[in-house]
Each structure stands twice: as structure tokens, then as C-alpha cells.
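Reader: Hi, I have only just opened this one and would like some help finding my way around. Could we go through it together?

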Amino acid sequence: MVYRQPPSGPLNMEFNPKERFDDNGDTINGSYDVWLKNHPSALSSFDEIKRVAREKQMVVFLDYDGTLSPIVNDPDRAFMSNAMRSAVRKVGKHFPTAIISGRSRDKVFQFVRLNNIYYAGSHGMDISTPSVSFYYGNYKHQTRTIDEKGNDMVNFCPAQEFLPRIQTIKVMLQEITRGIKGAMVEDNKFCLSVHFRCVNEDNVVVLKEKVESAMKSYKDFRISEGKEVMEIRPNINWDKGLALQYLLDTLGFENSTEVLPIYIGDDRTDEDAFKMIKNIGRGFPIVVSSTPKETEALYSLRDPIEVMSFLISIAKWKKDFGYKKTSLFGMFRRLIR
């Protein structure tokens with residue numbers, strides 16, 4: 001049994017000791033309304049967020065599946081809407097913005113197709129940034145390159161040496177799952193995803209047992225479970241939280257007390273990013289969920305539709321706030337002439 005601890009961080013919320021969860025993060029008692037008291041909607045709390053963020057530099061981090069796009073049966077068809085793309089584009093115009101996804105970096109870029117944001121794939125094990133980090137990640141894993149626009153970039157891949165074995169494991173997993181209808185093995189470069197959303201409930205246990213048994217020979221890999229998917233990745237000290245920290249550093253914000261990171265995500269792997277923001281001591285960890293669950297996030301949004309509304313809101317606020325500051329500055333100049 002897991003009992004929630006009081007949330008901590010820059011915006012502490014009231015703790016309800018009666019709210020309990022099992023080890024899978026599922027609610028044992030309580031309701032969504034009760035859960036919302038501890039994880040209030042980022043939309044209904046927007047005035048508070050604006051107050052804290054005023055005169056600060058917000059940096060926006062986003063998950064992809066279940067956050068910018070709906071969860072779908074076919075992972076190859078997890079398309080984001082044009083309206084969502086427009087919202088992310090506007091956010092990227094006003095704030096440094098990055099997507100940190102479990103998908104391969106190339107794949108998530110093909111879904112998003114925006115050039116004014118940064119991308120991290122494979123749960124942060126494949127990052128493209130404008131500069132190297134001297135504080136986070138081994139320097140040997142950082143490679144200078146030039147993007148399609150001719151800009152100098154750095155690719156950071158801390159699991160590079162695992163690539164040959166990942167391909168060996170992929171072939172093995174494809175073979176052992178071949179006879180299970182609905183199972184799918186997705187290659188996300190530095191990690192592999194075994195999807196079972198379309199697998200008959202009776203066969204899910206069989207599938208999991210086969211995968212877990214096959215992976216016992218690979219001690220330096222780990223299995224984690226997401227939303228009807230098993231994630232197989234190298235067992236290295238790297239996750240979405242460390243990826244967030246790496247991106248803050250390479251974007252020039254690591255030592256700034258004025259920066260406020262926002263992370264919006266829906267999956268268990270996003271919890272590492274929520275924890276990192278709480279460790280930093282400032283920012284907004286926001287979970288996407290329409291049901292109560294255990295989370296390190298301080299705020300919530302129900303679904304990608306609410307995520308889009310929130311993104312539109314912060315972009316509009318930044319645009320209007322910038323306009324007001326410019327207008328006041330112009331008025332002041334006219335007065336002193």
C-alpha cells in the first residue's frame with residue numbers, strides 16, 4: 001500500500017491523508033474531485049500560475065503521446081491535430097520549448113513537424129540541442145553536428161554503445177511475440193516498446209511472461225510498464241528528469257534563479273521530470289489524467305484538449321504581457337521627452 005506524501009515545491013497544495021493508492025498508482029478510495037483538491041487544474045489555477053511566472057523565464061517541456069496527441073490503438077497513427085500543432089508553435093514562439101518523448105527523436109519530429117522547438121527522443125536518451133553541457137552527461141556522448149538549416153547543433157546519446165544489442169533484442173522480441181495477435185514491437189532507437197493495447201486480455205499475461213523471461217539474459221536492460229506498453233531500455237542512470245536538467249543547461253538556464261520549468265506529461269516515465277522540477281524548487285509539474293492516480297505533479301489537466309487550451313492560454317498571456325510592457329515603455333519615453 002502506498003500513502004501519498006504532502007506535495008512539496010514552490011506552490012504547495014493541501015494534503016488529504018485519506019487519499020490512498022495501490023502500488024500501481026490506482027485509486028483505492030476517493031474520487032476525481034477529491035484528487036483535484038491536491039492536484040488542481042492548471043486551467044482553473046491559471047491566475048496563480050501567471051502571478052508566479054510574472055517577470056520570470058518559463059521553459060516549456062512536453063510529452064507527446066497522451067499529451068499532445070490522443071492514445072490510439074496503432075502507435076504509428078498517433079497524429080496531433082493541426083490545432084494542437086498551432087498551439088505548440090505559438091508556445092515555441094514565446095518560450096524555449098522542448099518535447100521529451102519515449103518515441104525516437106526522428107519519429108516524434110515527423111509527428112510534430114515544427115522547427116522552433118527542441119526534441120528529445122527515447123525517454124531523453126537522444127537529445128538535440130544548440131550547445132554541449134559541461135555539467136550533465138558524459139562529454140564523449142555529445143557529438144557536434146549541423147542541422148538542415150545549417151545551424152550548429154549537439155546530439156547527446158548516452159546509450160550509444162547499446163545500439164547493436166537493442167537491434168538483437170528487437171529481433172528476439174519480434175519472434176516471441178509473433179504468435180500473439182495484436183502485439184507490436186516498436187523500434188524507438190535507444191529503447192523498444194512492446195505494445196499490447198490490441199492484445200486479448202487473456203493473452204496479455206502470456207505476452208508479459210514471454211518478454212520478461214526473454215529479457216532475463218540481458219542484465220543491463222530494464223523493463224518498465226506504461227499505458228498498455230512494456231518499455232525495454234538500457235539500465236543506465238538517465239531518465240526524463242535528467243533530460244530536462246540537461247536541456248535547461250544547454251539552453252542556458254541551469255544557473256538562473258529566474259527560470260520556471262513547466263513539464264506536462266501523462267505517463268509513469270514523466271514522473272521523473274515532475275520529481276526533477278520539485279527538486280529544483282520552482283516550476284510547474286502538470287500531469288495529464290482524467291482519473292485519480294498517484295503522481296509527483298502539483299497540477300493536472302484532463303486530456304490533450306485541456307493541454308491545448310493551457311498552451312494557447314500561456315502563449316496569449318505572454319504575447320499580451322509583452323505588448324503591455326512595450327506599450328508602458330513607449331509611454332514612459334514619450335513622457336520624458
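Author: Gladly, and one term should come before the rest: a cavity is a set of grid points where a 1.4 Å probe fits but cannot get out. Please also keep in mind that this is a predicted model.

Reader: Okay, so how many cavities of 30 Å³ or more does a search of the whole structure find?

Author: A search over the whole structure turns up one cavity of 30 Å³ or more. About 360 Å³ of space lies in this largest cavity. It is lined by 25 residues, and those closest to its centre are Asp-65, Ile-71, His-195, Val-229 and Glu-231.

Reader: Which elements give two or more residues to that lining?

Author: Those elements are β10, which covers residues 192-195, and β12. Strand β12 itself runs over residues 229-234.

Reader: And how does the lining of the largest cavity divide by class?

Author: By class, that lining has 11 charged residues, eight polar ones and six nonpolar ones.

Reader: Let me step back for a moment. How many helices and strands are there in the chain?

Author: The protein chain has nine helices and 15 strands. It has 337 residues, and buried residues make up 50% of them. If we take the contacts in the chain with a separation of 6 or more, 61% of them are accounted for by residues 24 or more positions apart.

Reader: Now pockets. How much space lies in the second largest pocket?

Author: The second largest pocket holds about 530 Å³ of space. Its lining consists of 19 residues, of which Tyr-119, Ser-128, Asp-147, Glu-148 and Met-153 are the closest to its centre.

Reader: Which element gives the largest share of that lining?

Author: Helix α4 does, with four residues. The elements that give two or more residues to the lining are α4 (105-112), β5 (118-121), β7 (142-146) and β8 (152-156). Sorted by class, the lining of this pocket divides into seven nonpolar, seven polar and five charged residues.

Reader: I was looking at Arg-105. Where is its place, and is it buried or exposed?

Author: Arg-105 is in helix α4. Its relative accessible area is 16%, and because buried means under 20%, Arg-105 counts as buried.

Reader: What is Arg-105 in contact with, leaving aside its neighbours within four places in sequence?

Author: With those neighbours set aside, Arg-105 is in contact with Tyr-119, Gly-121, Asp-126, Ile-127, Ser-128 and Asn-155. Two of these names, Tyr-119 and Ser-128, came up among the residues closest to the centre of the second largest pocket. Arg-105 and Phe-190 are 85 residues apart in sequence, while their C-alpha atoms are 9.8 Å apart in space.

Reader: Changing topic, how do α7 and α8 pack?

Author: Helix α7 (residues 240-250) and helix α8 (residues 271-280) pack at an angle of about 50 degrees, and their axes are 6 Å apart. That angle makes α7 oblique to α8.

Reader: Which residues make the contact?

Author: On the α7 side they are Lys-240, Gly-241, Leu-242, Leu-244, Gln-245 and Leu-248, and on the α8 side Asp-272, Ala-273, Met-276, Ile-277 and Ile-280. Seven of the residues in this contact are nonpolar, two are polar and two are charged.

Reader: What about Lys-275, which is found in α8: how far is it from Pro-285 in space?

Author: Lys-275 and Pro-285 are 8.2 Å apart in space, C-alpha to C-alpha, and 10 residues apart in sequence. At 38% relative accessibility, Lys-275 counts as partly exposed.

Reader: Last topic: which loop is Glu-228 found in, and what is its phi?

Author: Glu-228 lies in the loop between β11 (221-225) and β12 (229-234). It has a positive phi of about 55 degrees although it is not a glycine. That deserves a mention because most residues other than glycine have a negative phi. At 33% relative accessibility, Glu-228 counts as partly exposed.

Reader: And what is the phi of Glu-55?

Author: Glu-55, which is not a glycine either, has a positive phi of about 70 degrees. Glu-55 is found in the loop between α2 (46-53) and β3 (57-62).

Note on methods
Residues numbered from 1 in each chain as written. Predicted model: local features only at pLDDT ≥ 70, side-chain atom pairs only at ≥ 80, totals over all residues. Heavy atoms only, no water. Axes fitted to C-alpha atoms, helices over the stretch in contact; angles between N-to-C directions. Parallel < 35°, antiparallel > 145°, perpendicular 65-115°, else oblique. Contact = heavy atoms within 4.5 Å. Nonpolar A, V, L, I, M, F, W, Y, C, P; charged D, E, K, R; others polar. 1 Å grid on protein atoms, 1.4 Å probe; cavity = no way out; pocket = protein on both sides within 12 Å on 5 of 7 lines; lining within 4 Å. Points joined across faces, edges and corners; volume = space filled by probe spheres on them. Buried < 20%, exposed > 50% of the residue type's maximum accessible area, 1.4 Å probe, protein only.
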